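Reader: I would like to take a close look at a single part, with each term explained as it comes up.

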Amino acid sequence: MQRVADSPLSSAQPRSGQTFTDLLAPLVEPGYRLACAMLHDAPAAEDAVQEASLIAWRKLGRLQDQSRLRAWFLGIVANECRNARRRRWATAVSHGLPDTLSVISGEERVLQGTDLRHALRQLPHDDRLVVVLYFYLDMPLPEVAAVVGGSVGAVRRRLYRAVRRMRPDIVIEEAI
Amino acid sequence: MSFRAEIHDAIDEVTPPAPMLASRVGAYVLAEDRVVRRPRLGTWMRPLRGMAVVLAAALVVVLLAGLVLGGRLWRDWNTNVNRPIPINHAQLKALEARPLNLPLIETGAPCPVGPIVNAPKESALGPLAYNDGNGPVYAHGTGLRYGTSWGPTSLRAMWSSPRSRA
């Protein structure tokens, strides 16, 4: 485990733009992809990542283990996504499927993707989070567990349950 | 097509590229951090802050002590002052059954004035207390009147010298 004694995480050291570039900047892109997958709304995803980055920047000194930085940051992004969805529920009626698709593809593929996104949106927040982290960000199960704050076994069970709800006909062992 | 690839395709369709996002977020974070970060307290403020803490702690202690003492006083008041005095009904009946022998004074007769004597030295009231009667039983009244459930009552003590009992 890498301790904070002489790492850039130490709160005793002045934090600069270079510190941000070294630590958080590489995590913005995966955070944005996670937020897009959770919210299906690119501007809202950008806002969530921005707020999550500010929170992470202010709490950076509390992180003890630099190897957990990515999981820690993605956990903050996931929380911001949950808050963003709550705010949206409070201010507007759900729009259902996204209005625009950024990539034009074959009709069948578009319908398949739409169905899958719709199934993803129907999942509870924590189930959707493990599906996105595992299948979309291609994170290993232990790191997914670190993001959601649970055990590997619990994450695996949650994944089974979520995939079964999205695709009842799928062979789980092939999926996971 | 695997499930993983399907997920990738489905989510990529709603994830437009954002190449400048990292630099934009970095500028936002650094600007917000400068704005919100509060200036450090000056050295002259530190003793005041310490005194304020001590004062606040002292106030809390005084408040707690007051609550405890006040609670005890309230409890004692309720226990000793407002407590109803028990009545021995058998004794009361016996007293009420005794005949009341009061001297009769005829209409127009002069008011008989009882002698006022000095209390004996062994009196708990001291040598300067004046009492009514010739002894061996003396009446001593304070003149204070009390409101009781039986009506206005004047406290009057009857006492005698221990030597006279013998």
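Reader: Which residue, with a positive phi, follows α6(A)?

Author: The model is predicted, so local features need pLDDT of at least 70 and side-chain atom pairs count only at pLDDT 80 or more, while totals for chains, interfaces and linings use all residues. Residues are numbered from 1 along each chain as its sequence is written, and chains are lettered from A and ligands numbered from 1 in the order in which they are written.

The residue that comes after α6(A) is A:Asp138, with a positive phi near 55 degrees. The helix itself, a DSSP run of H or I with at least four residues, numbered from the N terminus, covers residues 125-136 of chain A, and because each of its 12 residues should add 1.5 Å, its expected span (1.5 Å times one less than the number of residues) is 16 Å, in agreement with the 15 Å between its end C-alpha atoms.

α6(A) is mostly covered, since 9 of its 12 residues are buried, a term that requires 20 or more other C-beta atoms, placed from the backbone, within 10 Å of a residue's own. Among the buried residues are A:Arg128, A:Leu129 and A:Tyr136.

For context beyond this helix, buried residues make up 7% of the 166 residues in chain B, a chain with 5 helices and 4 strands, strands being DSSP runs of E with at least two residues. Turning to where the chains meet, 23 residues of chain B are in contact (C-beta atoms, placed from the backbone, within 7 Å) with 33 residues of chain A. The elements giving two or more residues to that side of chain B are its α1 (3-12) and α2 (21-36).

Terms used: Two residues are in contact if their C-beta atoms, placed from the backbone, lie within 7 Å.
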